[in-house]
Amino acid sequence: MGPGEYYEVFARYEPEEPLRHIGTVRARTPKDAEVFAYTLYDEWKWREMLVVPRKELVWLKKPE
């Protein structure tokens, strides 16, 4: 795969549950990231699922 960026995938079953980090995909566009995340992680039938470009995450603590 050529250049692309990493997207973190989050989901939850119920609205009152916190979002869970469920994986990572690498894609060239946000739309591709949606398709890859849906294809890879929707086997558990999440109620909500979203992707976030890794570069947009704000680290409060980061592993060294």
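## Report on a predicted β-β-α-β chain

Residues 24 or more positions apart account for 48% of the contacts in the chain with a separation of 6 or more. The model is predicted, and the chain has 64 residues, of which 25% count as buried.

**Overall arrangement**

One helix and three strands make up the secondary structure of the chain. Their order along the sequence follows the pattern β-β-α-β. Along its principal axes, the C-alpha trace spans about 35 × 30 × 15 Å. The accessible surface of the chain comes to about 5,100 Å². Carbon and sulfur atoms hold 56% of that surface.

**The nonpolar core**

The largest nonpolar core has 10 residues: Y7, V9, A11, I22, V25, A27, A33, A37, Y41 and W46. Strand β1 (5-12), strand β2 (20-27) and helix α1 are the elements that each give two or more residues to this core. One core member, Y41, can be followed through its contacts. Leaving aside its neighbours within four places in sequence, Y41 is in contact with V9, I22, G23, T24, V25, W46 and M49. V9, I22, V25 and W46, which are among these partners, also belong to the core.

**Salt bridges**

Side chains of opposite charge can pair when their charged atoms come close. In this chain the count comes to five salt bridges. Three of them are set out below, with the N to O distance of each pair.

| Pair | N to O distance | Citation |
|---|---|---|
| R54 and E8 | 2.5 Å | |
| E14 and R47 | 3.4 Å | |
| E34 and K31 | 3.5 Å | |

The side chains of R54 and E8 meet in a salt bridge. R54 lies in the segment after β3 (48-53) and E8 in strand β1, so this pair ties together parts that are 46 residues apart in sequence. R54 counts as partly exposed, at 35% relative accessibility, whereas E8 is buried, with a relative accessible area of 6%.

A salt bridge also joins the side chains of E14 and R47. Because E14 lies in the loop between β1 and β2 and R47 in the loop between α1 and β3, the pair ties together parts that are 33 residues apart in sequence. The relative accessible area of E14 is 32%, and E14 is partly exposed. R47 is exposed, with a value of 54%.

The side chains of E34 and K31 form another salt bridge. Both residues lie in helix α1, three residues apart, which is about one turn of the helix. E34 counts as partly exposed, at 41% relative accessibility, while K31 is exposed, with a relative accessible area of 53%.

**A nonpolar patch on the surface**

V35, F36 and L40 make a nonpolar surface patch of about 250 Å². F36 lies in helix α1 (residues 30-41) and is partly exposed, with a relative accessible area of 33%. Membership of such a patch requires over 30% relative accessible area, so the 33% of F36 meets that cut-off.

**Helix α1 in review**

Several of these features come together in helix α1. The helix is one of the elements that give two or more residues to the largest nonpolar core. Helix α1 also holds both partners of the salt bridge between E34 and K31, as well as F36, a member of the nonpolar surface patch.

Key: Residues are numbered from 1 along each chain as its sequence is written. This is a predicted model: local features need pLDDT of at least 70, side-chain atom pairs count only at pLDDT 80 or more; totals for chains, interfaces and linings use all residues. Side-chain values use heavy atoms; hydrogens and water are left out. Patches are made of residues with over 30% relative accessible area and no salt bridge: like charges are joined within 9 Å, nonpolar side chains (Val, Leu, Ile, Met, Phe, Trp, Tyr) within 5 Å. Accessible areas come from the Shrake-Rupley method with a 1.4 Å probe; for residues, only the protein chains shown count as cover. A salt bridge is a side-chain nitrogen of Lys or Arg within 4 Å of a carboxyl oxygen of Asp or Glu. Helices (H or I, at least four residues) and strands (E, at least two) are DSSP runs, numbered from the N terminus. Buried means under 20% relative accessible area, exposed over 50%, partly exposed in between (1.4 Å probe, protein chains only). A nonpolar core is a set of buried Ala, Val, Leu, Ile, Met, Phe, Trp, Tyr and Cys residues joined through side-chain atoms within 4.5 Å. Contact means heavy atoms within 4.5 Å.
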